[in-house]
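Student: Could you take me through one part of this structure slowly? I would like to look closely at how a pair of helices packs together, and to see what surrounds that spot.

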Protein chains: 2
Amino acid sequence: MLEIPTFEDIQEAAERIRPYAHRTPVFTCATLNERFGARLFFKCENFQKVGAFKFRGACNAVFSLSEEEARLGVATHSSGNHAAALALAAKLRGIQAHIVMPENSAKIKIAAVKDYGAAITFCKPTLEARETVLAEVVEKTGAILIHPYDNAQVIAGQGTAALELLEEIPDLDMIMAPVSGGGPMSGTAIAARGLAPRIELIGVEPEAADDAYRSLRAGELMPLTSSITIADGLRATLSERTFTILRTHDCSIVTVSEAAIIEGMRLIWERMKIVIEPSAAVTIAALLENKVSISGKCVGIILSGGNVDLNQLPW
Amino acid sequence: MLEIPTFEDIQEAAERIRPYAHRTPVFTCATLNERFGARLFFKCENFQKVGAFKFRGACNAVFSLSEEEARLGVATHSSGNHAAALALAAKLRGIQAHIVMPENSAKIKIAAVKDYGAAITFCKPTLEARETVLAEVVEKTGAILIHPYDNAQVIAGQGTAALELLEEIPDLDMIMAPVSGGGPMSGTAIAARGLAPRIELIGVEPEAADDAYRSLRAGELMPLTSSITIADGLRATLSERTFTILRTHDCSIVTVSEAAIIEGMRLIWERMKIVIEPSAAVTIAALLENKVSISGKCVGIILSGGNVDLNQLPW
């Protein structure tokens with residue numbers, strides 16, 4: 001049985017995470033509105049705790065656990081934002097987080113996870129190694145596994161960003177969000193359909209990691225054949241659960257080039273003076289490449305995160 | 001006679017520019033509060049129009065002109081933010097701006113000034129050439145000269161940022177702002193003394209361009225002996241007017257190293273996910289170098305601008 005969150009689950013998630021997560025601001029930019037001939041509303045999840053919307057999902061999952069479930073802590077494998085998000089959520093609940101990280105993870109991310117008090121186990125940088133080591137950690141500690149996106153409570157948490165955005169700007173014609181494993185887009189879709197049944201939902205993916213695009217076209221889950229993209233947060237693949245949600249909520253997927261992702265990221269830095277990560281720039285890339293028809297529309301854009309290595313900028 | 005703006009002038013400026021300028025947000029950052037043991041409130045003028053608080057001063061000056069004065073346009077020399085600010089303010093009033101720019105100005109800044117419809121005259125990159133060419137332009141066009149900081153209406157306009165900040169956070173113990181020609185610090189001082197007579201006022205300057213520091217210590221205007229600093233917005237020198245205001249409003253000046261400016265800029269990008277320019281980072285540099293005693297205090301910080309060449313980052 002596939003547990004799929006409902007609109008009510010997202011409303012409950014919003015209540016649950018309210019004491020811990022930021023209600024992030026919605027930014028606008030006259031220059032970009034003029035350039036794209038639309039009214040754009042940016043939900044700034046780069047300002048979220050740990051610098052990414054991922055905190056919403058991790059926080060909702062951790063605080064949804066019963067006392068009994070939470071007692072032995074939580075565990076996941078992640079090299080990125082979910083690791084920090086789960087570590088902080090666990091710290092806030094006062095339980096232990098066990099994070100399996102590939103040994104080649106960025107030092108700054110390892111440091112952040114350590115700072116939040118998580119126990120880190122390093123592994124070889126392959127998906128197989130990550131899953132094997134995580135299984136061992138769960139076996140040994142009894143911690144509850146919190147998957148980064150294939151988890152109904154995580155998805156419900158991610159949906160709270162779109163919920164807040166639509167509360168603030170109710171007349172959106174469209175919402176755009178990045179797609180990787182499909183967690184945020186799934187949460188966004190459920191939240192948006194609950195409040196605005198006819199809204200257009202556009203997920204954006206790098207061409208270089210386009211499994212969601214191909215899966216929705218084929219009508220069945222297609223494997224990720226490669227994931228060499230600068231958008232390092234978008235290298236995961238849909239699960240049965242997120243695929244089902246995207247299909248049943250009438251989400252369209254468009255893909256964008258690496259060059260457009262870099263240009264989009266730079267455009268936001270220069271024009272809006274905010275730092276977003278490459279994964280958050282795919283939506284802007286879709287506008288730059290005219291992949292979406294937005295002329296005259298009121299468009300919400302989920303800027304998913306702002307964690308960038310300033311020593312390795314792509315320009 | 002030295003025309004010095006009063007607190008009432010700043011209140012009038014706030015009314016005057018309200019239809020044109022952004023009321024910028026005040027940001028906080030739990031990580032930085034913890035690190036510095038204080039409550040920090042950042043007035044985000046990097047989100048101001050043209051990406052800098054300079055727009056407030058230029059806008060107030062342009063809209064303070066009578067119809068008769070405004071008829072023949074406005075003029076200034078500037079390679080940076082004041083050029084764009086004056087060009088946009090003039091465009092909004094529907095009058096011509098004449099900008100004298102050094103021929104080695106950044107291409108992106110020249111493009112911005114052109115985009116706003118200003119007439120640009122290029123000159124050699126020396127102060128003498130700038131002033132000579134500007135005098136010719138004023139002679140020829142009859143435009144009104146709007147000095148970047150030695151102008152009472154400009155100073156009054158700059159003060160509106162501190163006015164908004166104190167309206168929002170009335171219990172500040174201290175306000176910090178960068179010092180160059182002293183326009184923003186002067187405006188800040190007048191606004192702050194009007195609302196909070198006992199507030200501490202700290203201006204921050206690069207060690208490499210420390211004329212304000214030396215002038216206030218000496219009790220007389222000291223010349224700028226060098227200005228080779230990464231904080232390219234802080235290379236100007238106090239005028240008799242701004243010197244007088246800083247003295248009579250009990251402003252302290254501290255100086256900071258180039259390394260600390262770079263570290264401060266990076267810290268804000270990484271932790272707050274916002275883009276600030278080196279000139280805006282001097283206040284953070286002062287905290288990093290323990291130049292100011294802020295422990296337990298409630299501190300307002302004017303983040304003056306966010307215009308950075310992303311191709312020439314200092315790390």
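Tutor: Happily! One term will help before we begin: two strands count as paired if DSSP finds at least two bridges between them. This is a predicted model, so please read everything below in that light.

Let me use that term straight away, in chain B. There, 4 strands form an open sheet in the order S5-S4-S3-S6, and their pairing is parallel. Strand S5 (119–123) and strand S6 (144–145) of chain B stand at the edges with a single partner strand each, so one side of each has no neighbour in the sheet. Inside that order, strand S3 (residues 74–77) of chain B runs parallel to strand S4 (residues 97–102) of chain B, and 4 bridges join them. To find one of these on your screen, start at B:Val74, whose bridge partner in S4(B) is B:Ala97.

Now to the helices you asked about, which are in chain A. This chain has 13 helices and 10 strands. Its radius of gyration is 18 Å, close to the 20 Å that the globule rule gives for 315 residues, so chain A is as compact as a globular protein of that length. Its C-alpha atoms fill a box of roughly 55 × 40 × 40 Å along the principal axes. Buried residues make up 55% of the 315 residues in chain A. Among contacts in chain A between residues at least 6 apart in sequence, 75% join residues at least 24 apart.

Here is the close look. Two packed helices are described by the angle between their axes and the distance between the axes. For helix H3 (residues 54–64) of chain A and helix H5 (residues 81–93) of chain A, the axes come within 8 Å and cross at roughly 40°. That angle makes H3(A) oblique to H5(A). The crossing in which H3(A) passes H5(A) is right-handed. On the H3(A) side, the contact is made by A:Lys54, A:Phe55, A:Ala58, A:Cys59, A:Val62 and A:Phe63. On the H5(A) side, the residues include A:Ala85, A:Leu88 and A:Ala89.

Let us stay with one residue of this contact, A:Phe55, which lies in helix H3 of chain A. Is A:Phe55 buried or exposed? A residue counts as buried if 20 or more other C-beta atoms lie within 10 Å of its own. A:Phe55 has 28 other C-beta atoms within 10 Å, so it is buried. Leaving aside neighbours within four places in sequence, A:Phe55 is in contact with A:Ala21, A:Gln48, A:Lys49, A:Val50, A:Ala85, A:Leu88 and A:Ala89. You can also look across to A:Val154: it is 99 residues from A:Phe55 along the chain, and their C-alpha atoms are separated by 9.2 Å.

Burial can be followed in strands too. In strand S8 (residues 200–206) of chain A, 6 of the 7 residues are buried, so S8(A) is largely enclosed by the rest of the structure. Strand S7 (residues 174–178) of chain A pairs with S8(A) in the parallel sense over 5 bridges, and the bridge partner of A:Met174 in S8(A) is A:Glu200.

Back in chain B, strand S10 (residues 298–303) is mostly covered, with 5 of its 6 residues buried. Strand S2 (residues 39–44) of chain B pairs with S10(B) in the parallel sense over 6 bridges, and B:Lys43 stands opposite B:Ile302. Strand S7 (residues 174–178) of chain B also pairs with S10(B) in the parallel sense, over 3 bridges, and B:Met174 has B:Val299 as its bridge partner there.

How values were computed
Residues are numbered from 1 along each chain as its sequence is written. Chains are lettered from A and ligands numbered from 1 in the order in which they are written. This is a predicted model: local features need pLDDT of at least 70, side-chain atom pairs count only at pLDDT 80 or more; totals for chains, interfaces and linings use all residues. Helices (H or I, at least four residues) and strands (E, at least two) are DSSP runs, numbered from the N terminus. The radius of gyration is taken over C-alpha atoms; the globule rule is 2.2 Å times the number of residues to the power 0.38. A residue is buried if 20 or more other C-beta atoms lie within 10 Å of its own, exposed if 12 or fewer, and partly exposed in between; C-beta atoms are placed from the backbone. Two residues are in contact if their C-beta atoms, placed from the backbone, lie within 7 Å. Axes are lines fitted to C-alpha atoms, for helices over the stretch in contact, and angles run from 0 to 180 degrees between N-to-C directions. Angles under 35 degrees count as roughly parallel, over 145 as roughly antiparallel, 65 to 115 as roughly perpendicular and the rest as oblique. A crossing is left-handed if the near helix is turned anticlockwise from the far one by less than a right angle, and right-handed if clockwise.
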